Amino acid sequence: MDLSNSIRRFGMEQALDYLHKDPERNLRRLMDWADQFSGGEFGPQRRAVREAVENPRHPYHAYILRLINEVDPEVMKTTAVNLFINASLEGWRRQEAARKSNQCNIPWAILLDPTSACNLRCTGCWAAEYGGRLNLSLEEIDGIICQGRQLGVYIYIYTGGEPLMRKADLMRICQMHPDCVFLCFTNATLIDEAFADEMLRVKNFVPAISLEGDEAATDSRRGRGTYQKVIRAMELLHRKKLLYGISACYTSANFRSVSSEEFYDSLIRRGAFFAWYFHYMPVGNDASPALLPAPEQRKLVYQRIRRYRAEKPLFSMDFQNDAEYVGGCIAGGRRYLHINANGDVEPCVFIHYSNANIRDMSLLDALRSPIFMAYHDGQPFQENMLRPCPMLENPEKLREMVQKSGARSTDLQSPESAEHLCAKCDAYAKNWQPEADALWRAEQEKKGL
């Protein structure tokens, strides 16, 4: 980190210490500091935060006060510095420089699977296809992070399998890279008092707990008794003043439960600070297309989440319906990539085709491999940002990219052809297009575009 960013880091740490002494009075002063040291970058984001800070009736005014009052001060300080100084200011500039010099995508975040092992077997989970025998070693995970940091990547996200099957190693990685943020998708059944204390010690580990709505919906997908274990973990994290959120996959079976106002409000009561919503993807030879939401079901989720986040103090993102905010598909290294437990570097956590393995080549060479360059050259895949994905809404494009790049299936248990995968999406894409086009036109007209 250069001297200017060291000064910014120190300044933010001091400002956050100052903030906790009198939050309401000092919030505006913190924003003045952010404006001064941002160098003019991230203007729209800073304006949105300032509006929330200065307007007590704004829903995110209460959210900001929740962060100050309900998160351990040292955890919040570490997260804020790593996210805003390292990942956003320093990291973004280095990523942009690497994009220009290498003429390829450079990610903002890297997803990786420490293990393919899991203590649950959830309906529709692509990870279950891998089995439990694959692992990235501690040294391999460290190597990926070291390479990523050279490119300006400070956000690392664990998927699986169940990452917490590797608890001790994940905490060691947090210690080895204290300037990074580590998010972890987890079923939460392995979160206990001792692990929560470890999180407080390292300060840069944030769980995203999988939840499918109410007790019936969660247990039907994840197994009887899972919901109560998850709730106990959430209550423990809240009591320990730790930062956490939830991850929800919506399907034709649970879309009402997971997008209900009661569910959303319960997350706020239990201390969650974010909610990531994911559309079900029919990945794997045994995955059921019947779980794909119908057009009217996806539209309902779209409408509900947009309404809630405009009214309630919880940050939520619907990754299939919010592509307009990130300019379309973010896979293929454009904003993220995925490395599975066998070391295969994949364009997306749902796209299991690759020409590259991290054990055979560098991260940068993987980003320049044929399938990644096909993503680079093809993005965005649609002007309509409600149809961003080259698999789900544009299956003909994934077929073409896999065929032309010569990418192979990375599923060692039951390899699935791109034709088999995309055939499960053809009818869905055709049925969603009229609804998506109507919604997109209406949104553009509302904005005067």
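This short presentation walks through the strands, helices, cysteines and two chosen residues of one protein model.

Good morning. Please keep in mind throughout that the model is predicted.

I begin with the sheet. Nine strands make up an open sheet, and their order across it is β7-β6-β5-β4-β3-β2-β1-β8-β9. The pairing in this sheet is mixed. Which strands lie at the edges? They are β7, residues 315-318, and β9, residues 345-346, and each of them pairs on one side only.

Let us look at one pair inside that order. Strand β2 covers residues 155-158 and strand β3 covers residues 181-186; the two pair in the parallel sense, over four bridges. To find the place on the screen, take I155, which stands opposite V181 in β3.

A helix lies across part of this sheet. Helix α12, residues 261-269, lies across β5 (245-250), β6 (274-279) and β7. The helix runs at about 140 degrees to β6.

I turn now to helices that pack against one another. Helix α16 spans residues 395-405 and helix α17 spans residues 418-446. Their axes are 8 Å apart, and the packing angle is about 165 degrees. How are these two helices oriented to each other? An angle over 145 degrees counts as roughly antiparallel, and therefore α16 and α17 are roughly antiparallel to each other. The crossing of α16 past α17 is left-handed. On the α16 side, the residues that meet α17 are P395, L398, R399 and V402. Their partners in α17 include A418, L421, C422, C425 and A429.

Helix α16 also packs with helix α15, residues 370-378. Here the angle is about 140 degrees, with the axes 9 Å apart. The two helices, α15 and α16, are therefore oblique to each other. The contact is made by P370, I371, A374 and Y375 of α15, together with L398, M401, V402 and S405 of α16. The crossing of α15 past α16 is right-handed. You may notice that L398 and V402 appear in the contact with α15 and also in the contact with α17.

Next, the cysteines. How many disulfides does the structure hold? The number is zero. For C329, the nearest cysteine sulfur is that of C389, 6.2 Å away. At 10% relative accessibility, C329 counts as buried. We have already met C422, in the contact between α16 and α17. Why does C422 form no bond with C425? The closest cysteine sulfur to that of C422 is in C425, and at 6.2 Å it is too far for a bond, because a disulfide requires the two sulfur atoms to be within 2.5 Å. C422 is buried as well, at 0% relative accessibility.

Finally, I should like to consider two residues that touch each other. A196 sits in helix α8, residues 193-202. Is A196 buried or exposed? With a relative accessible area of 0%, A196 is buried. Apart from its neighbours within four places in sequence, A196 is in contact with L236, K240 and L242. By contrast, the C-alpha atoms of A196 and L439 are separated by 43 Å, and these residues are 243 apart along the chain.

The partner K240 lies in the loop between α10 (226-239) and β5. Its relative accessibility is 17%, and K240 therefore counts as buried, since the limit for that word is under 20%. Leaving out residues up to four places away in sequence, K240 touches E193, A196, D197 and L200.

Thank you for your attention.

Terms used
Residues are numbered from 1 along each chain as its sequence is written. This is a predicted model: local features need pLDDT of at least 70, side-chain atom pairs count only at pLDDT 80 or more; totals for chains, interfaces and linings use all residues. Side-chain values use heavy atoms; hydrogens and water are left out. Buried means under 20% relative accessible area, exposed over 50%, partly exposed in between (1.4 Å probe, protein chains only). Two strands pair if DSSP finds at least two bridges between them. Contact means heavy atoms within 4.5 Å. Axes are lines fitted to C-alpha atoms, for helices over the stretch in contact, and angles run from 0 to 180 degrees between N-to-C directions. Angles under 35 degrees count as roughly parallel, over 145 as roughly antiparallel, 65 to 115 as roughly perpendicular and the rest as oblique. A crossing is left-handed if the near helix is turned anticlockwise from the far one by less than a right angle, and right-handed if clockwise.
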